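Here's a quick tour of a protein model, written for someone just getting started. Take a look at the picture first, and then we'll go through it topic by topic.

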Amino acid sequence: LPHEAHQTVTLILRGGPFPYPQDGSVFANRERLLPQQPRGWYHEYTVDTPGLRHRGARRIVTGGTPPRQWYYTDDHYRSFHPFDVPRSQP
C-alpha cells in the first residue's frame, strides 16, 4: 500500500474526520468484483494522490462495521487488492 493509504486506514480506524464528504459512503459493488454482500456492507474512502487537487482514483473499500475486510484500488474500482490491517493499529 502507498503511504497515503496507511493514513486513510488510520482515519478509518479512528472514525474520522475524513477530508472528503464522500468518505464513509456506501460502496454499492456495482462492478461485482468484491464478494457479494447485502447493501451497506461496503464503504469507500479516498486515498490521496500526491499532486492532485481532486480525489483521484485511489480508494480503500471496507467490508463490515467495524471493518473486517479491507480492499485497495488504485484504478477507480477496476481492480481490488485485499489487505489485512493489524488489530493493534489505533
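Start with Arg-55: if you skip residues up to four places away in sequence, Arg-55 touches Tyr-20, Gln-22, Asp-23, Glu-44, Thr-46 and Val-47. Keep in mind that this is a predicted model. From Arg-55 we'll move on to the sheet, then to a second arginine, and finish with the pockets.

**Arg-55 and its surroundings**

- You'll find Arg-55 in the loop between E2 and E3.
- Is Arg-55 buried or exposed? Its relative accessibility is 16%, and buried means under 20%, so Arg-55 counts as buried.
- Two of the residues that Arg-55 touches, Glu-44 and Thr-46, also share polar contacts with it through their side chains.
- The polar contact between the side chains of Arg-55 and Glu-44 spans 3.5 Å.
- For the side chains of Arg-55 and Thr-46, the polar contact is 2.8 Å.

**The sheet as a whole**

- In what order do the strands line up? The 5 strands go E1-E2-E3-E4-E5 in an open sheet, and the pairing is antiparallel.
- At the edges stand strand E1 (25-26) and strand E5 (81-82); each has a single partner strand, so one side of each is left without a neighbour in the sheet.

**Strand E3 and its two partners**

- E3 covers residues 59-63, and 5 of its 5 residues are buried.
- In a regular strand, side chains alternate between the two faces of the sheet.
- Which residues of E3 sit on which side? Arg-59, Val-61 and Gly-63 are on one side, Ile-60 and Thr-62 are on the other, and all of them are buried, so both faces of E3 are covered.
- E2 and E3 pair up antiparallel, with 5 bridges between them.
- One of the residues involved is Thr-46, whose bridge partner in E3 is Arg-59. Thr-46 is also the residue with the 2.8 Å polar contact to Arg-55.
- E3 and E4 pair in the antiparallel sense too, over 5 bridges.
- Arg-59 has a bridge partner in E4 as well, and that is Thr-73.
- Ile-60, meanwhile, stands opposite Tyr-72 in E4.
- How many residues lie between E3 and E4 in their hairpin? There are 5, and Gly-64 in the turn has a positive phi of about 95°.

**Strand E4 and the E5 edge**

- E4 is mostly covered, with 4 of its 5 residues buried.
- E4 and E5 run antiparallel and are joined by 2 bridges.
- Tyr-72 has His-81 as its bridge partner in E5, while Ile-60 faces Tyr-72 from E3.
- Tyr-71 stands opposite Pro-82 in E5.

**Arg-78, a second loop arginine**

- Arg-78 lies in the loop between E4 and E5.
- Is this arginine buried or exposed? With a relative accessibility of 66%, Arg-78 counts as exposed, because the cut-off for that is over 50%.
- Setting aside neighbours within four places in sequence, Arg-78 is in contact with Leu-33 and Thr-73. You've already met Thr-73 as the bridge partner of Arg-59 in E4.
- Arg-78 and Glu-31 are 47 residues apart in sequence, yet their C-alpha atoms are 7.7 Å apart in space.

**The two largest pockets**

- The largest pocket has a volume of about 360 Å³.
- Its lining takes in 18 residues, and Leu-13, Pro-67, Arg-68, Trp-70 and Arg-87 lie nearest the centre.
- Which elements each supply at least two residues of that lining? They are helix H1 (3-14), strand E2 (42-46) and strand E4 (69-73).
- By type, the lining of the largest pocket splits into 9 nonpolar, 6 polar and 3 charged residues.
- The second largest pocket holds about 200 Å³ of space.
- Residues lining the second largest pocket include Phe-27, Arg-30, Leu-34, Pro-38 and Tyr-42.
- Sort the lining of the second largest pocket by type and you get 5 nonpolar, 4 polar and 3 charged residues.

Conventions:
Residues numbered from 1 in each chain as written. Predicted model: local features only at pLDDT ≥ 70, side-chain atom pairs only at ≥ 80, totals over all residues. Heavy atoms only, no water. 1 Å grid on protein atoms, 1.4 Å probe; cavity = no way out; pocket = protein on both sides within 12 Å on 5 of 7 lines; lining within 4 Å. Points joined across faces, edges and corners; volume = space filled by probe spheres on them. Nonpolar A, V, L, I, M, F, W, Y, C, P; charged D, E, K, R; others polar. Buried < 20%, exposed > 50% of the residue type's maximum accessible area, 1.4 Å probe, protein only. Pairing = 2+ DSSP bridges. Polar contact = N/O pair within 3.5 Å; in protein donor to acceptor, adjacent residues only side chain to side chain. Contact = heavy atoms within 4.5 Å.
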